[in-house]
Amino acid sequence: MHKGSCLCGAVRLSVTGDLAPPSACHCTQCRKHTGHFEAGTDVLRSALTVVGEDNVTWFHTAKVRRGFCAICGSSLFFDAPHMDRIGINMGVFDTPTHVKLAMHIFVADKGDYYDITDGLPQNQQ
Ligand SMILES: [Zn+2]
């Protein structure tokens, strides 16, 4: 069981089962939503329990929505409707995740103020 929460604790979650290795998304939208770049893991919706879901606000873009705590602003979820999985931002987890970052995506849009030097695969899109 993996447990997580937002900064203020108004939103808490738990995930059953192992987490999939997260990917880091450097697209402009994820950079703005997280303040840097987004590292997240996709979990089955059926494996996720959220307490305090009323405090989650969703920001919709063309194809996805991003969830954040309405009180403290913590960036929590990346949700593509019609998928059986939902993305959870890695910073949410309070318990050990037992996974390591697997790859970088949308590297073409990354900020100019950092370099990616971990040797992991980098996809331009
Ligand atoms: Zn909060």
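Q: Why is His 2 called buried or exposed in this predicted model?

A: The relative accessible area of His 2 is 7%. Buried means under 20%, so His 2 is classed as buried. This residue lies in strand E1.

Q: What makes the backbone oxygen of Pro 96 and the side chain of His 2 a polar contact?

A: The backbone oxygen of Pro 96 lies 3.3 Å from a polar atom of the His 2 side chain. The cut-off for such a pair of N or O atoms is within 3.5 Å, and the value of 3.3 Å satisfies that distance limit.

Q: Which residues is His 2 in contact with, leaving aside its neighbours within four places in sequence?

A: They include Leu 13, Ser 14, Val 15, Phe 93, Thr 95 and Pro 96.

Q: Which residues coordinate the zinc ion, and what makes their atoms donors?

A: Cys 6, Cys 8, Cys 69 and Cys 72 coordinate the zinc ion, each through SG, at 2.3 to 2.4 Å. Donors are N, O and S atoms within 2.8 Å of the metal, so these SG atoms qualify. In sequence, the spacing of the donor residues is C-x1-C-x60-C-x2-C.

Q: What do the donor residues Cys 6 and Cys 69 tie together?

A: Cys 6 belongs to the loop between strand E1 (2-5) and strand E2 (12-15), whereas Cys 69 is in strand E7 (residues 65-69); the pair therefore ties together parts that are 63 residues apart in sequence. Cys 6 is buried at a relative accessible area of 5%, and Cys 69 is buried at 1%.

Q: Why is the site of the zinc ion called tetrahedral?

A: The angles among the four donor atoms are 106 to 115°. Four donors count as tetrahedral if all angles lie between 85 and 135 degrees, so the site meets the criterion. The ideal angle for four tetrahedral donors is 109.5 degrees.

Q: How do you know that strand E3 and strand E4 pair?

A: Pairing requires at least two bridges; strand E3 (residues 23-25) and strand E4 (residues 38-44) have three, in the antiparallel sense. In E4, Gly 40 is the bridge partner of Ser 23.

Q: Which strands stand at the edges of the open sheet of seven strands?

A: The strand order is E6-E7-E8-E9-E4-E3-E10, with mixed pairing. Strand E6 (56-60) and strand E10 (103-105) each have a single partner strand, so one side of each is left without a neighbour in the sheet.

Q: Why is Ala 62 called buried or exposed?

A: Exposed means over 50% relative accessible area; Ala 62 has 83% and is therefore exposed. Ala 62 is found in the loop between E6 and E7.

Methods: Residues numbered from 1 in each chain as written. Predicted model: local features only at pLDDT ≥ 70, side-chain atom pairs only at ≥ 80, totals over all residues. Heavy atoms only, no water. Donors = N, O, S within 2.8 Å, 3.2 Å for Na, K, Ca; no water. Tetrahedral: all angles 85-135°; square planar, octahedral: opposite > 155°, others 65-115°. Helix = DSSP H or I, 4+ residues; strand = E, 2+ residues; numbered from the N terminus. Buried < 20%, exposed > 50% of the residue type's maximum accessible area, 1.4 Å probe, protein only. Polar contact = N/O pair within 3.5 Å; in protein donor to acceptor, adjacent residues only side chain to side chain. Contact = heavy atoms within 4.5 Å.
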